[in-house]
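Dear colleague,

I am handing over the structure we spoke about, and below it you will find an account of what came out of it. Please read the text with the model open beside you.

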Amino acid sequence: MNFDLPEEHRMLQETVREFAAKEVTPRARHVDEMEEFPWETLRAMGKLGLLGLNVPERYGGMGADALAAALMLEEIGKGCGSTGLIVAAHLGLACGPLVFFGSETQKQRWLKPMATGKMLGCLGLTEPGAGCDLRGTRTTAVREGDGWVINGSKMWLTNGAEAGLAILLCRTGDKFSHLLVPTDTPGVQFGPPEKKMGLHGSHTYAVSLEEVHVPAENLLGTEGRGLAQTLQVLDGGRIGIAALSLGLAEAAFDAARAYAKTRHTFGQPLIEHQAIAFMLADMTAEIEAARWLVYRAATLRDQGRPYTLESSIAKLVASEMAERVARDAIQVLGGYGYSAEYPVERIYRDARLMTIGEGTSEMQRMIIARQMM
Ligand SMILES: Cc1cc2nc3c(=O)[nH]c(=O)nc-3n(C[C@H](O)[C@H](O)[C@H](O)COP(=O)(O)OP(=O)(O)OC[C@H]3O[C@@H](n4cnc5c(N)ncnc54)[C@H](O)[C@@H]3O)c2cc1C
């Protein structure tokens with residue numbers, strides 16, 4: 001067993017860390033306060049190849065593995081949760097399904113521009129009446145002539161209106177299938193970005209679909225296998241959210257430790273008070289525990305071994321850890337932790353989503369329990 005990152009992963013980590021320090025972290029507060037979609041950062045990431053990091057090279061990506069993607073999302077998330085979520089959704093939920101299930105033609109047409117950062121993608125599973133239980137999906141896709149006609153609505157699409165392509169889970173007869181829907185197709189109507197607690201730079205949309213016509217070849221994967229395909233996609237997506245959680249927790253910890261070294265009470269720095277030092281010690285321990293769960297899940301995936309259980313464990317532990325660490329970081333900063341002058345209140349708001357998106361904590365516990373039994 002070797003706990004050192006392979007050399008090329010360490011180099012990638014270093015590169016992304018430097019990029020994040022220069023381009024991501026300094027904009028995070030502005031992105032949050034202005035609810036600004038960080039196009040400039042994303043364009044720069046596209047140029048570096050990070051928006052197609054684990055897409056095969058023949059489709060314009062860098063051909064890196066899941067561990068590399070996890071390291072990248074950890075570093076970007078450490079700089080800015082919004083940017084991290086945009087990239088996690090683009091890579092894991094949009095590029096991912098195309099890599100898994102796309103035909104050669106679909107990959108050439110959609111994956112290439114997405115991997116090279118010319119276009120963002122999104123995945124629409126959730127609906128007003130279907131979240132954890134996707135069997136409640138009401139959006140329909142019906143075969144008509146040489147195409148599909150889609151009617152219904154979707155909720156909470158990360159990247160929705162900013163994306164060029166939406167992958168939508170639709171009811172096809174009594175089963176479910178994925179359809180590729182260019183977002184400029186007539187009948188696709190996005191609402192305004194949802195008002196949310198955090199992740200303000202990552203825009204989330206409801207979309208209505210009225211008589212949306214797409215050609216027959218826009219079926220992604222196998223007709224009727226939409227739910228099974230979704231589970232496969234989410235197995236991978238969970239590692240991304242877990243890595244993002246890790247990054248958020250690290251950022252909160254760094255801010256808390258730095259503050260505790262300089263703020264004095266009762267004649268000594270906060271960090272010299274055992275209550276504060278122990279809080280920081282717990283944060284370190286929890287971050288390290290989660291880190292290895294995340295890297296292990298990614299490594300299992302890269303080795304072609306089963307990783308459903310491990311990615312659920314990593315997501316559950318890392319997301320709940322991130323929330324606790326961010327909460328405690330606010331405590332370390334006292335009143336200043338509650339102020340927007342310091343990053344920890346933003347990180348706390350951003351981290352709150354991690355136990356909900358791409359499978360709630362309750363769903364992770366159900367998956368773990370099922371696998372355990
Ligand atoms: C910022 C943000 C971004 C998102 N991005 C996307 C996206 O890009 N694409 C997309 O498709 N969706 C997206 N979502 C939606 C997200 O995946 C869902 O909110 C999530 O899956 C939960 O679904 P729900 O909100 O309908 O909750 P529900 O399914 O109604 O569940 C409500 C609560 O009940 C719990 N619960 C449900 N069933 C059970 C059970 N059997 N046992 C125990 N507890 C249960 C849940 O865990 C949850 O706590 C996003 C959501 C947010 C907030």
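In this predicted model, the largest nonpolar core holds 117 residues, and those that touch the most other members are Ala70, Leu179, Ala252, Val294, Ala326 and Ala329. Helix H6, which spans residues 226-262, gives the largest share of this core, with 17 residues. In soluble globular proteins, nonpolar side chains tend to be buried together. If you would like one place from which to look at the core, you could take alanine 326, which, when residues up to four places away in sequence are not counted, touches Leu248, Ala249, Ala252, Val344, Ile347, Tyr348 and Ala351.

Three of the topics that follow lead on from there, beginning with helix H9. Val344, Ile347, Tyr348 and Ala351, which alanine 326 touches, are among the buried residues of H9, and the others on that list are Glu345, Arg346 and Asp350. Because seven of the eight residues of H9 are buried, this helix is largely enclosed by the rest of the structure. Its buried residues pack against H1, H4, H6 and helix H8, the last of these covering residues 308-333.

Helix H6 is also the place of glycine 237, which counts as buried because 24 other C-beta atoms lie within 10 Å. Leaving aside the neighbours within four places in sequence, glycine 237 is in contact with Gly92, Leu93, Gly96 and Glu358. Glycine 237 and serine 82 are 155 residues apart in sequence, and their C-alpha atoms are 16 Å apart in space.

After helix H9 the chain enters the loop that leads from H9 (344-351) to H10, and isoleucine 356 is found in that loop. Isoleucine 356 counts as partly exposed, because it has 16 C-beta neighbours inside 10 Å. From C-alpha to C-alpha, isoleucine 356 is 8.9 Å from serine 319, although the two are 37 residues apart in sequence.

Turning to the ligand, which residues are the closest to it? They are Leu125, Gly131, Cys132, Thr360 and Glu362, out of 22 residues that surround the ligand. Two or more residues of this shell come from each of helix H4 (81-101), strand S1 (121-124), strand S3 (147-158) and helix H10 (361-372). Sorted by class, the shell has twelve nonpolar, seven polar and three charged residues. Domain 2 and domain 3 each supply at least three residues to the shell around the ligand.

As for the domains themselves, the assignment divides the chain into domain 1 (7-120), domain 2 (122-222) and domain 3 (227-372). The C-alpha centres of domain 2 and domain 3 are 30 Å apart, and ten residues of domain 2 are in contact with ten residues of domain 3. On the side of domain 2 that touches domain 3 there are seven nonpolar and three polar residues, with no charged residues.

Two glutamates deserve a look at their backbone angles. Most residues other than glycine have a negative phi, and most peptide bonds are trans. Glutamate 35, however, has a positive phi, near 55°, and is found in the loop between helix H1 (7-34) and helix H2 (39-48). With 15 C-beta neighbours inside 10 Å, glutamate 35 counts as partly exposed. Glutamate 211 also has a positive phi, of about 50°, although it is not a glycine, and this residue lies in strand S7, residues 204-215. Is glutamate 211 buried or exposed? It is exposed, because 10 other C-beta atoms lie within 10 Å, and a residue with 12 or fewer is counted in that class.

Lastly, for the chain as a whole, there are ten helices and ten strands. A compact globule of 373 residues would have a radius of gyration near 21 Å, and the chain agrees with this, since its own value is 21 Å. Along the principal axes, the C-alpha atoms fill a box of roughly 80 × 45 × 45 Å. Buried residues make up 53% of the 373 residues. Of the contacts with a separation of 6 or more, 73% are accounted for by residues 24 or more positions apart.

With best wishes

Notes. Residues are numbered from 1 along each chain as its sequence is written. This is a predicted model: local features need pLDDT of at least 70, side-chain atom pairs count only at pLDDT 80 or more; totals for chains, interfaces and linings use all residues. A residue is near a molecule or strand if its C-beta atom, placed from the backbone, lies within 6 Å of it. Helices (H or I, at least four residues) and strands (E, at least two) are DSSP runs, numbered from the N terminus. Ala, Val, Leu, Ile, Met, Phe, Trp, Tyr, Cys and Pro count as nonpolar, Asp, Glu, Lys and Arg as charged, and the others, Gly among them, as polar. Domain bounds come from an automatic or database domain assignment. Two residues are in contact if their C-beta atoms, placed from the backbone, lie within 7 Å. A nonpolar core is a set of buried Ala, Val, Leu, Ile, Met, Phe, Trp, Tyr and Cys residues joined through C-beta atoms within 7 Å. A residue is buried if 20 or more other C-beta atoms lie within 10 Å of its own, exposed if 12 or fewer, and partly exposed in between; C-beta atoms are placed from the backbone. The radius of gyration is taken over C-alpha atoms; the globule rule is 2.2 Å times the number of residues to the power 0.38.
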